[in-house]
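Welcome to a short set of exercises on reading a protein structure. Keep the picture beside you and try each task before you look at its solution.

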Amino acid sequence: MDHRQILELLPAYVDQELGISETVAVERHLGDCAECQQAYAEQSVLSARLKKEASYFLPPAGLAGRIQAALPRADSGAARPKWQGFKWFSAAAAVALLLAVVWNIGLYSSQPSARERLVEEVVASHVRSLQVDHLADVASSDRHTVKPWFNGKLDFSPPVVDLAPQGFALEGGRLDYLDGRPVAALIYRHDRHPINLYAWPSADKDAAIQLQTSQGYHLAHWAGNGMSYWAISDLAANELDQFAAALRAAAPQ
């Protein structure tokens with residue numbers, strides 16, 4: 001076998017799905033080819049991770065009974081009709097289809113929800129803003145400077161609240177992109193801890209503040225007055241809750 005054929009066989013070799021002759025050929029080639037040795041090592045690591053971290057789903061109750069009921073019963077006394085093979089084929093196809101449906105349901109249920117994806121976006125945006133030192137497009141502690149800066153850049157006017165008396169100083173704002181649309185990002189700071197506050201219009205009903213933790217950061221989410229809010233920081237959870245409560249109380253209603 002040539003080099004290309006060995007590379008094509010490596011995934012099956014890793015999963016021990018090759019016959020004896022192919023296995024011997026791959027092993028002989030691996031003994032002399034550094035590139036294939038590296039590919040084999042990488043695929044072995046990937047295979048091990050998939051087996052360890054993959055989600056497994058139990059079949060629904062009664063599945064075995066439904067499969068058994070779908071199979072034709074053997075007729076011990078009568079001669080087997082010529083078309084009985086077709087019945088067996090149809091039953092086998094039905095079982096395969098049922099198993100495929102169960103597999104896809106399990107795969108779909110393992111996908112992150114829309115809220116989980118949004119949480120991941122919020123965390124990623126917060127981390128990026130800290131890594132590239134780009135917290136603000138407009139740096140100012142004056143809400144009358146920050147709020148007008150968004151004019152013409154967004155199709156809504158974000159509420160910009162001065163919370164310095166409560167210990168959360170406004171530092172500016174920037175444009176960002178979350179949940180499939182441009183949003184306003186307002187930056188506050190408590191001691192040395194920056195807070196990213198994301199706001200955009202939403203049809204969601206008014207909702208109380210909900211706290212959660214993701215990747216070591218605390219997040220607060222709430223809705224009010226036709227707006228959706230997400231705040232994220234490395235502040236303690238109770239301090240972020242205080243920030244969210246202060247902003248919600250001071251935001252225009």
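A helix axis here is a line fitted to C-alpha atoms over the stretch in contact, and angles run from 0 to 180 degrees between N-to-C directions. Please remember that the model is predicted.

**Exercise 1. Two helices that cross**

Task: Find the angle at which the axes of helix 1 and helix 2 cross, and list the residues that make the contact.

Solution:
- Step 1. Locate helix 1 at residues 3–14 and helix 2 at residues 20–30.
- Step 2. Follow the two axes: they come within 10 Å of each other and cross at roughly 115 degrees. The crossing is left-handed.
- Step 3. Collect the contact residues. Helix 1 brings His3, Ile6, Leu9, Leu10 and Tyr13, while helix 2 brings Glu22, Thr23, Ala25, Val26, Glu27, His29 and Leu30.
- Step 4. Sort them by class: 7 are nonpolar, 3 polar and 2 charged.

**Exercise 2. The sheet and its edges**

Task: Work out the strand order of the open sheet and name its edge strands.

Solution:
- Step 1. Read across the 7 strands, which pair in the antiparallel sense, to get the order 1-2-3-4-7-6-5.
- Step 2. Look for strands that pair on one side only: these are strand 1 (138–139) and strand 5 (207–214).
- Step 3. Check the edge at strand 1. Its link to strand 2 (residues 169–178) consists of 2 bridges, and valine 138 has glycine 173 as its bridge partner.
- Step 4. Check the edge at strand 5. This strand is joined to strand 6 by 6 bridges, with serine 214 opposite tyrosine 217. The two strands form a hairpin with 2 residues between them, and glutamine 215 in the turn has a positive phi of about 55 degrees.

**Exercise 3. A helix, the sheet and a pocket**

Task: Which strands does helix 6 lie across, and how many residues does helix 6 give to the lining of the second largest pocket?

Solution:
- Step 1. Helix 6 (residues 114–131) lies across strands 2, 4, 5, 6 and 7, running at about 125 degrees to strand 2.
- Step 2. Turn to the second largest pocket, which holds about 170 Å³ of space. Of its 13 lining residues, Leu118, Asp179, Trp200, Asp204 and Trp230 lie nearest the centre.
- Step 3. Helix 6, strand 4 and strand 7 each give two or more residues to this lining. Helix 6 gives the most, with 5 residues.
- Step 4. Finish with the classes: the lining has 5 nonpolar, 3 polar and 5 charged residues.

Technical notes:
Residues are numbered from 1 along each chain as its sequence is written. This is a predicted model: local features need pLDDT of at least 70, side-chain atom pairs count only at pLDDT 80 or more; totals for chains, interfaces and linings use all residues. Side-chain values use heavy atoms; hydrogens and water are left out. Two strands pair if DSSP finds at least two bridges between them. Helices (H or I, at least four residues) and strands (E, at least two) are DSSP runs, numbered from the N terminus. Contact means heavy atoms within 4.5 Å. On a 1 Å grid over the protein atoms alone, a cavity is a set of points where a 1.4 Å probe fits but cannot get out, and a pocket is an open set with protein on both sides within 12 Å along at least five of seven lines; lining residues have an atom within 4 Å of a point. Grid points are joined across faces, edges and corners, and a volume is the space filled by probe spheres set on the points. Ala, Val, Leu, Ile, Met, Phe, Trp, Tyr, Cys and Pro count as nonpolar, Asp, Glu, Lys and Arg as charged, and the others, Gly among them, as polar. A crossing is left-handed if the near helix is turned anticlockwise from the far one by less than a right angle, and right-handed if clockwise.
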